[in-house]
Amino acid sequence: MADSKKYRPLVIAVSVLVPIVVAILFTVRIPDAEPLTFLPPIYAGINALTSLLLIAALYFIKNGQRKIHEALMKVCIGLSLIFLVMYIAYHMTTDPTPFGGEGAIKYVYYFILISHILLSIVVIPLVLTSYTRAISSEFISHKKISRITFPVWLYVAVTGVIVYLMISPYY
């Protein structure tokens with residue numbers, strides 16, 4: 001049995017570095033690059049698929065099908081990485097799109113967007129800690145943190161789709 005504590009420095013490093021690198025890359029524009037305007041519906045679709053697979057993974061673990069759960073969780077992590085690469089690529093080639101809604105919907109949009117962004121930062125150490133505990137066969141502590149990780153990750157994935165749907169008329 002491996003010890004998940006040995007992964008702690010890596011979890012911390014990745015959890016700190018990813019948001020910093022993403023923030024830095026948001027300030028970088030690739031000169032003369034073709035805007036990758038086709039990416040938002042794709043990465044919104046990835047968020048939607050991640051949402052469904054997270055729910056499926058929960059179903060399978062609740063029904064004692066650990067191998068399927070494990071495979072689905074690995075796919076969700078992979079999809080999250082693909083999303084992140086596409087999201088960064090889009091923002092490095094395309095100017096930001098301002099939200100054009102007015103009135104109450106504008107406040108709803110910004111509430112969803114800000115909570116989505118903040119929780120997308122919070123979910124990184126949660127996912128990594130949940131994963132390292134699982135691969136270390138520390139299933140009691142894995143289950144404990146996963147009860148926090150799951151709803152946060154699901155919220156981030158679902159609100160990613162909602163943000164896309166709300167901003168897409170203004171692209």
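## S137 and D32: two loop residues with positive phi

In this predicted model, S137 is partly exposed, with a relative accessible area of 36%, and this residue is found in the loop between α4 and α5. The backbone of S137 deserves a second look, since its phi is near 60°, a positive value in a residue other than glycine.

A positive phi is also found at D32, where the angle is near 60° and the residue is again something other than glycine. D32 lies in the loop between α1 and α2, and with a relative accessibility of 86% it counts as exposed, because a value over 50% is what that word requires here.

## Two salt bridges

The structure holds two salt bridges. One of them joins the side chains of D95 and R29, with a distance of 3.7 Å from N to O. D95 belongs to the loop between α3 and α4, the latter helix covering residues 104-135, while R29 belongs to the loop between α1 and α2, so the pair ties together parts that are 66 residues apart in sequence. As for their surroundings, D95 is exposed, with a relative accessible area of 57%, whereas R29 is partly exposed, with a value of 34%.

The other salt bridge is formed by K74 and E70, whose closest N and O atoms are 3.1 Å apart. Both of these residues lie in helix α3, where they are four residues apart, which is about one turn of the helix. K74 has a relative accessible area of 40% and is therefore partly exposed, and E70, at 29% relative accessibility, also counts as partly exposed.

## How α3 and α5 cross

Helix α3, which covers residues 66-93, can also be described by its relation to helix α5, which covers residues 139-167: the axes of the two come within 14 Å and cross at roughly 45°. That angle makes α3 oblique to α5, and the crossing of the two helices is left-handed. Two packed helices are described in this way, by the angle between their axes and the distance between the axes.

## A nonpolar patch at the surface

Where on the surface do nonpolar side chains form a patch? The residues I12, V16, I20, I24 and V28 make a nonpolar surface patch of about 410 Å². One of these residues, I20, lies in helix α1, which covers residues 8-26. I20 is partly exposed, with a relative accessible area of 43%, and it can therefore be counted in such a patch, for which a relative accessible area over 30% is needed.

## N47, a residue in helix α2

Is N47 buried or exposed? This residue lies in helix α2, which covers residues 39-62, and with a relative accessible area of 9% it is buried, because the word applies to values under 20%. N47 can also be placed relative to F111, which is 64 residues apart from it along the chain: the C-alpha atoms of N47 and F111 are separated by 19 Å.

Technical notes
Residues are numbered from 1 along each chain as its sequence is written. This is a predicted model: local features need pLDDT of at least 70, side-chain atom pairs count only at pLDDT 80 or more; totals for chains, interfaces and linings use all residues. Side-chain values use heavy atoms; hydrogens and water are left out. Patches are made of residues with over 30% relative accessible area and no salt bridge: like charges are joined within 9 Å, nonpolar side chains (Val, Leu, Ile, Met, Phe, Trp, Tyr) within 5 Å. Accessible areas come from the Shrake-Rupley method with a 1.4 Å probe; for residues, only the protein chains shown count as cover. A salt bridge is a side-chain nitrogen of Lys or Arg within 4 Å of a carboxyl oxygen of Asp or Glu. Buried means under 20% relative accessible area, exposed over 50%, partly exposed in between (1.4 Å probe, protein chains only). Axes are lines fitted to C-alpha atoms, for helices over the stretch in contact, and angles run from 0 to 180 degrees between N-to-C directions. Angles under 35 degrees count as roughly parallel, over 145 as roughly antiparallel, 65 to 115 as roughly perpendicular and the rest as oblique. A crossing is left-handed if the near helix is turned anticlockwise from the far one by less than a right angle, and right-handed if clockwise.
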